[in-house]
Protein chains: 2
Amino acid sequence: MKSREIHLVRHFTGAVKPEYFTLAEVDLPEPAEGEVLVANEWLSVDPYMRPRMAGLKTYIDPFMPGKPMEGGAVGKVIKSRSGALKEGDYVMSMLGWREAYVAPAKGLMKVDANLLPAHAYLGIAGLTGLTAYAGLKRIIGLKEGETLWMSAGAGAVGSAGIQFAKAMGARVIATAGGKAKTDFCLEIGADAAIDYKDVPDLRKAIKEAAPEGVNAYFENVGGDHLVAALDVLNQFGRIAACGMISRYNDETPSPGPHNMTNIVTKSLMMRGFIVTEHFDLQGEFIKDLSSWMMSGKVKSRETVYEGIEKMPEAFTGLFTGANLGKMLVKV
Amino acid sequence: MKSREIHLVRHFTGAVKPEYFTLAEVDLPEPAEGEVLVANEWLSVDPYMRPRMAGLKTYIDPFMPGKPMEGGAVGKVIKSRSGALKEGDYVMSMLGWREAYVAPAKGLMKVDANLLPAHAYLGIAGLTGLTAYAGLKRIIGLKEGETLWMSAGAGAVGSAGIQFAKAMGARVIATAGGKAKTDFCLEIGADAAIDYKDVPDLRKAIKEAAPEGVNAYFENVGGDHLVAALDVLNQFGRIAACGMISRYNDETPSPGPHNMTNIVTKSLMMRGFIVTEHFDLQGEFIKDLSSWMMSGKVKSRETVYEGIEKMPEAFTGLFTGANLGKMLVKV
């Protein structure tokens, strides 16, 4: 069987360009004993993939040029030579950026496509949702009645986080770029939404939206957002540092926040985290999520591109703000 | 009775200059019922006083021009009209920057000048020591066998922290400015001491002194130190942000660390703190400190200026690096 997959052409810094990716056709082997053949149906693109394309060793290995890239994917088992999975089962894997693959069954996670739509396992019920949940629950320790500022509120993690924070009883100020996005943030429940591209002074806009101050900031952006957060946070404010997408395409380092002394004078806490460190929250997460989804408090939201050849475009779109909610590619 | 005290002439930014302070002579009233007259013997100068001189409201009110400044002080009760204190008792107060004062007894803390020398209550056994202890114990959670980088290692908090961290079983890399200071850091137990004024690349110097990486950074300095810390910290590294003395005299904001994304990619934690938030550790602190001092693991270290008129000079000296250990003025 033939499959198409996206390879990285070379490591790069700076803006993402189409020529850094190539679509390759490969022949898949027959599954060996214990292996399955899976046809991917949904592929995920995520900001954390960016440093892997630069050849940087972070918490995860860099992508290798000339090889298929990895990423979250949900697919259907087409052939099975394993007792653990049968044809028709849905599985989640990190073997994305390809239409189909052959792999040992034991490395794949079976998901229930009757309980939730298959693609939700890449979004609100998957690593994206768990990321938002871990940031709010464990890193920030969000309490009922507190005010949260969610940056990149229309993004995958941001839109999950807005809904979760509301379900936890917090007041939520969202920021996003452009009216379509701030409208989306309000639609999913944010109490206020600020278009950071349309305000002359982000700090002032946040202060107006949260006159009683901000207790916690969910950091997805970096740069001027972090500067404003250090200024508007109340004493004992907490920052969950999930990502800094504004920095990932920097070719030369940008200066950091000039107001770091606020961390001392206001006893602020800032903690970076990676979802993989918080898998122990999975049980609690699914319990809360099911209850929130059944009561209609939380919904799955995504932007979908069609066809594997659209993967680079979908990925690039993360940096130009093309997505509302989770960005997915349907194979 | 006459007393002399130091007044702030006006709020200021930028470098500290002698003309911002004036020595005033005042007449003290007789103690009223419940009050005592105290002659200060030891006065403390501390970096946290600097923002108060700029008129900034931080976690503590600004100093007011034309009024005596406040600060840690230990003195002897000369007259008492309170049952709680008798003549000859030693008390610690925040009524420093003056030779003597009259105040209600209930706002003063009696200290045992037989157990420890009176000045130790302003240093290793006082807020300075508790600051170092809270940073290591609670903010960092320092564990035996870990490597700590203590910045401003020859300072009051730094020199206490180096000794405490060694007593806790950690490996300690100290930084300080000048050979006299690095020698002092080594003398009090640091495993390695780096003169940051004498190395072309602070990050490289730290990496060489800690080839296995750094688990925790005690931040007293800010600026290039913090940049280097974000680079050299291992995954899950913790930063106790106690102060950023390099920034306090800034007239215009300096750019912050360009490498803040390390907080995300290495899951670092940075938390600011003020000693007053951690008074609940006092009992545990005194217990550990007594045991460490009795076994000779920890010693009180100070630099002493004589005469209240030397207060501004002693304070200014904090920013030019004039002190080894705690900076004190003996009245």
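Me: Which residue stands opposite A:Phe218 in E12(A)?

Reply: A:Ala240 does. The model is predicted. The pairing belongs to strand E11 (residues 214-219) and strand E12 (residues 233-241) of chain A, which are joined by five bridges and run parallel.

Me: How does the chain get from E11(A) to E12(A), and is the crossover right-handed or left-handed?

Reply: The path goes through helix H6 (residues 224-232) of chain A, making a β-α-β crossover that is right-handed.

Me: What does E12(A) pair with on E13(A)'s side, and in which direction do the two run?

Reply: E12(A) and E13(A) run parallel and are joined by four bridges. Here A:Ala240 appears again: its bridge partner in E13(A) is A:Arg271. A:Ala240 thus has A:Phe218 opposite in the pairing with E11(A) and A:Arg271 as partner in E13(A).

Me: How should I read the pairing of strand E13 of chain A with E13(B)?

Reply: As a pairing between chains: strand E13 (residues 269-272) of chain A is joined to E13(B) by three bridges, and the two run antiparallel. A:Met270 has B:Met270 as its bridge partner.

Me: How many residues does each chain give to the contact?

Reply: Chain A gives 31 residues and chain B gives 31 residues. Between them the chains bury about 2,400 Å², and 72% of that area lies on carbon and sulfur atoms.

Me: Which elements of chain B give two or more residues to the side that touches chain A?

Reply: They are strand E12 (233-241), helix H7 (261-265) and strand E13 (269-272) of chain B. By residue class, that side of chain B divides into 18 nonpolar, ten polar and three charged.

Me: How many salt bridges and polar contacts are found between chain B and chain A?

Reply: The rule finds zero salt bridges across this interface. For polar contacts, the count is eight residue pairs, with both residues at pLDDT 80 or more.

Me: How many salt bridges does the structure hold over all chains?

Reply: There are 38 over all chains. One of them joins A:Glu212 to A:Arg171, with the closest N and O atoms 3.6 Å apart; the cut-off for this pair of atoms is 4 Å.

Me: Where in the chain do A:Glu212 and A:Arg171 lie?

Reply: A:Glu212 is in the loop between helix H5 (202-209) and E11 of chain A, while A:Arg171 is in strand E9 (residues 171-176) of chain A. The two residues are 41 residues apart, and the pair links distant parts of the chain.

Key
Residues are numbered from 1 along each chain as its sequence is written. Chains are lettered from A and ligands numbered from 1 in the order in which they are written. This is a predicted model: local features need pLDDT of at least 70, side-chain atom pairs count only at pLDDT 80 or more; totals for chains, interfaces and linings use all residues. Side-chain values use heavy atoms; hydrogens and water are left out. Contact means heavy atoms within 4.5 Å. Buried area is the accessible area (1.4 Å probe) that two parts lose on being put together, summed over both. A salt bridge is a side-chain nitrogen of Lys or Arg within 4 Å of a carboxyl oxygen of Asp or Glu. A polar contact is a pair of N or O atoms within 3.5 Å; within protein, one must be able to donate a hydrogen and the other to accept it, and residues adjacent in sequence count only if both atoms are side-chain atoms. Ala, Val, Leu, Ile, Met, Phe, Trp, Tyr, Cys and Pro count as nonpolar, Asp, Glu, Lys and Arg as charged, and the others, Gly among them, as polar. Two strands pair if DSSP finds at least two bridges between them. A crossover is right-handed if, with the strands pointing away from the viewer, the path from the first strand over the helix to the second runs clockwise.
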